[in-house]
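Me: Please take a close look at the pairing of strands in a single sheet. I would welcome a connected account that goes from strand to strand and then places the sheet within the chain.

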Amino acid sequence: FGREIMRNWASASNVRVARNTSSLIKRIALMALCAGAVVNQVQAADPVIYGSAYVGPTGPATLESINPNTGAATPIGPIGFNRVGAIGFDTSGTLYGVGNRISDNVQVLLQINPATGVGTQVGSLTVSSFFQDIAFRNADDALYGYASGDIYTINKTTGVATDLGNADNFSAGNGLAFSPFDILYKADDRF
């Protein structure tokens, strides 16, 4: 169903893309493909799915819990940043996200408290393009992001993003995820 983005690489030359189906279906398929990695991180008997929501192209974001059985979203709390659309847990269970500061609209890496929704800035991403998604590699907890066709590594301590190269453009609102074998997949809505 998909095209591999990367496995132990330092460039964006190996790409796998999920195509020929709706964006929502591909994002769900990516989550299912990478479920082994997610299951390994979840210790609770009743796992919680987290999501972020915002209204309009730059609205303030809210962290939500999503019932895995019904899909119903329940607001947890405001994140305190705009346009938080890329979130993910590292292997230690810390929730990270990418959003824009309300004061000056600069894109930053955040740590988000899953109990309250409150985001804390880690650092500026130093990239002008909007990050569409982020994912953590299982083997070493390295953070990767996708923005405007390029794959980046992101320093979890400073937020500095390093461009690894182009990985075949896909439009906003799609997914990025590592499989349990550390193959990075992305989904797009092009046919």
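Reply: Two strands are taken to pair if DSSP finds at least two bridges between them. Strands (E, at least two residues) and helices (H or I, at least four) are DSSP runs, numbered from the N terminus. The model is predicted, so local features need pLDDT of at least 70 and side-chain atom pairs count only at pLDDT 80 or more, while totals for chains, interfaces and linings use all residues. Residues are numbered from 1 along each chain as its sequence is written, and side-chain values use heavy atoms, leaving out hydrogens and water.

The sheet chosen here is open and has six strands, in the order β3-β4-β5-β6-β7-β8, with antiparallel pairing. Its edges are formed by β3 (49-53) and β8 (119-124), each of which pairs on one side only. Direction ignored, neighbouring strands are turned by 45° against each other on average; the axes behind this angle are lines fitted to C-alpha atoms, and angles run from 0 to 180 degrees between N-to-C directions. In general, strands of a sheet pair through backbone hydrogen bonds, either parallel or antiparallel.

Within this order, β5 spans residues 73-89 and β6 spans residues 95-100, and five bridges join the two in the antiparallel sense. A86 faces V98 of β6 across this pairing, the two standing opposite each other. On the next step, β6 pairs with β7 over six bridges, again in the antiparallel sense. There N100 stands opposite Q107 of β7. The two strands form a hairpin with six residues between them, and N105 in the turn has a positive phi of about 65°.

Strand β7 covers residues 107-112 and is mostly covered, with five of its six residues buried (buried means under 20% relative accessible area, exposed over 50%, and partly exposed in between, with a 1.4 Å probe and protein chains only). Antiparallel pairing continues from β7 to the edge strand β8 through five bridges, and V108 has S124 of β8 opposite. This pair is also a hairpin with six residues between its strands; G117 in the turn has a positive phi of about 90°.

A second open sheet offers a comparison. It has four strands in the order β9-β10-β11-β12, with antiparallel pairing. Its edge strands are β9 and β12 (161-166), each pairing on one side only, and the twist averages 25° from one strand to the next. Five bridges link β9 and β10 in the antiparallel sense, with I134 opposite G145 of β10. In the loop between β9 (131-136) and β10 (143-147) lies R137. R137 counts as buried because its relative accessibility is 10%. Its side chain makes a polar contact of 3.0 Å with the side chain of Y144; such a contact is a pair of N or O atoms within 3.5 Å, where within protein one must be able to donate a hydrogen and the other to accept it, and residues adjacent in sequence count only if both atoms are side-chain atoms.

For the chain as a whole, there are two helices and 14 strands. Of its 191 residues, 42% are buried. Among contacts between residues at least 6 apart in sequence, 47% join residues at least 24 apart, a contact meaning heavy atoms within 4.5 Å.
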